[in-house]
Amino acid sequence: MFNFPKDLYTDVRIEDVFEAQARLQNDTLKENKQRQYKGAFIRIFDGDKWYYSSTTQLEQIDEEIQLLAQMATPNPQIMEHPTVMGLEVHQESCMKFEEDTLRNVSKEDQFGLLQAYGNTVKKFSEIKEYHIRYIGKSVRKTFCSSKGANIKYDKETGGIIVAYTLNVEGKRFDNAYNTSQENFEALKTLHNQVEENIKKDCTYIKEAVAVEPGKYTVVFSPTASGVFAHESFGHKSEADLMLGSETMKAEWAIGKVVGVDTLNIIDRGDLVGSGYTPYDDEGNTAKVNYLIRDGKLAGRLHTTATAGLLEETVTGNGRAMNFEFEPIVRMTTTYIDKGPLTKEELFAGVKDGIYVDDISHGSGMTAFTLAPKRAYRIREGKIAEPVTVAVVTGNVMETLHLIDGISDEVEIFSFTGGGCGKMEQYPLPVGFGGPYIRVQNLDVQ
């Protein structure tokens, strides 16, 4: 396809992108647009350095390759370099969305979707202001390399954000229902979920009282456990963060016991949703990567380069936000796997605790912080009165040992309009989720 220079490793990633956005604010259409563009990311490796270029002029890719080659040093042994040897070679097509594609959704249909959800929101007199957004993105990628890779695949996410401001008895509360789905038709079917979310918020704002700060047994919802897995543990699993740090390598030794033996945390790119990445941006296939298996550190996430430097296996996690960026180590869909308890059994084991139902935001590496959007007291194994909680905090490694209950069903979530940030690459779509988990002795404020 391209004129690859001799004695250098070269790969080319081409992206054909379709984007659509529409926004309704209090019955007024503020935005309704679509655009399509193409771009390419080219990189060359001579065994010592990587050389990068990106362009929207696809007819100039060969010229860009030659310009990069002039800066590199020819290396007759380049194909024997550990990084190059680690790069997988696939000649496959994985096009899941060609027939049922968001590219066929008209601006009129986008507007109709917003209007329908606007009518749902207007059923609630407590809502004083609302914004409804539709975001659709379709990316078709082609990847080829001088090793012989030739891959075509696509990924699509269509989502809605129904954001609203409630005023109940003089109390203000901002929240949103946010989801992405595999296709446009599925986005039309979520009115009941939106209504239930608003009803729950109306009750919560009216009845919630401030929690008494202290140490509590905390039950995380699948959403909350997913945020915990991503923010508090997933980022620690990204191998580039430990390069050059002997302390972190020792802390992160494979096989080390880091949690209870029922705990499993997985990252995988083959699940359709926000984190769907059948091939990463180095041409490597998605893997089912156990980060923790049976309470022991089982693996970490890699680009081909970090896998070579740490003498470990490529995981399919070399991801770039778009064709303007180089691949770096990033998560795909990260979740805590199911455990042995039913949801009812898990709650029954809590005499006096806190249930975190929804999360506003979270962060963490060594220590973690989760800011609940909605939380409830647990009394005698039952969800009781709503409480306002500013933060739930703890030490990541200590908390993994404090998990004493994991439910037997996993929920995976996909959201739209945001994503994960790392270095200058934000927002990168990811998925997350998990079961209900019960954790002892967490700080709640």
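Two strands are taken to pair if DSSP finds at least two bridges between them, and the strands themselves (E, at least two residues), like helices (H or I, at least four residues), are DSSP runs numbered from the N terminus. On this basis Asp16 stands opposite Lys38 in β2.

The model is predicted: local features need pLDDT of at least 70, side-chain atom pairs count only at pLDDT 80 or more, and totals for chains, interfaces and linings use all residues. Residues are numbered from 1 along each chain as its sequence is written, and side-chain values use heavy atoms, with hydrogens and water left out.

**Strand pairing**

Strand β1 covers residues 9-25, and 14 of its 17 residues are buried; buried means under 20% relative accessible area, exposed over 50%, and partly exposed in between (1.4 Å probe, protein chains only). Strand β9 (residues 214-220) is likewise mostly covered, with 5 of its 7 residues buried. The pairings of these two strands are listed below.

| Strands | Sense | Bridges |
|---|---|---|
| β1 and β2 (residues 28-45) | antiparallel | 17 bridges |
| β1 and β5 (residues 127-145) | antiparallel | 15 bridges |
| β9 and β25 | antiparallel | 6 bridges |
| β9 and β16 (residues 352-364) | parallel | 4 bridges |

Individual residues place these pairings in register. Phe18 has Ser138 of β5 as its bridge partner. In β9, Val218 stands opposite Val439 in β25, while Phe220 stands opposite Val356 in β16. The hairpin of β1 and β2 has 2 residues between the strands, and Asn26 takes a positive phi near 50° there.

**Aromatic rings and charges**

A search of the whole structure yields 19 aromatic pairs. Rings of Phe, Tyr and Trp (its six-membered ring) pair if their centres lie within 6.5 Å; planes under 30 degrees apart count as stacked, over 60 as edge-to-face and the rest as tilted. Phe347 and Tyr436 form an edge-to-face pair, because their ring centres are 6.1 Å apart and their planes stand at 65°. This pair links distant parts of the chain, 89 residues apart: Phe347 belongs to helix α9 (residues 343-348), and Tyr436 to the loop between β24 (431-434) and β25 (437-444). Phe347 counts as buried at 5% relative accessibility, and Tyr436 does so at 12%. Ring pairs also join both residues with Phe173, Tyr204, Tyr355 and Tyr376 into a cluster.

A charge sits over a ring if NZ of Lys or CZ of Arg is within 6 Å of the ring centre and within 35 degrees of the ring normal. The charged end of Arg43 is placed over the ring of Trp50, 4.2 Å from its centre. Arg293 lies over the face of Tyr290, with 3.7 Å to the ring centre.

**Cysteines and Ser180**

The structure holds 0 disulfides, a disulfide being a pair of cysteine sulfur atoms within 2.5 Å. For Cys144 the closest cysteine sulfur is that of Cys94, at 17 Å, which is too far for a bond. Cys144 is buried at 4% relative accessibility, and Cys202 is buried at 10%.

Ser180 lies in strand β7 (residues 171-181) and is buried, with a relative accessible area of 8%. Its side chain makes a polar contact with the side chain of Ser274 at 3.3 Å. Such a contact is a pair of N or O atoms within 3.5 Å; within protein, one must be able to donate a hydrogen and the other to accept it, and residues adjacent in sequence count only if both atoms are side-chain atoms. Neighbours within four places in sequence aside, Ser180 is in contact (heavy atoms within 4.5 Å) with residues including Thr157, Gly158, Ser274 and Phe415.
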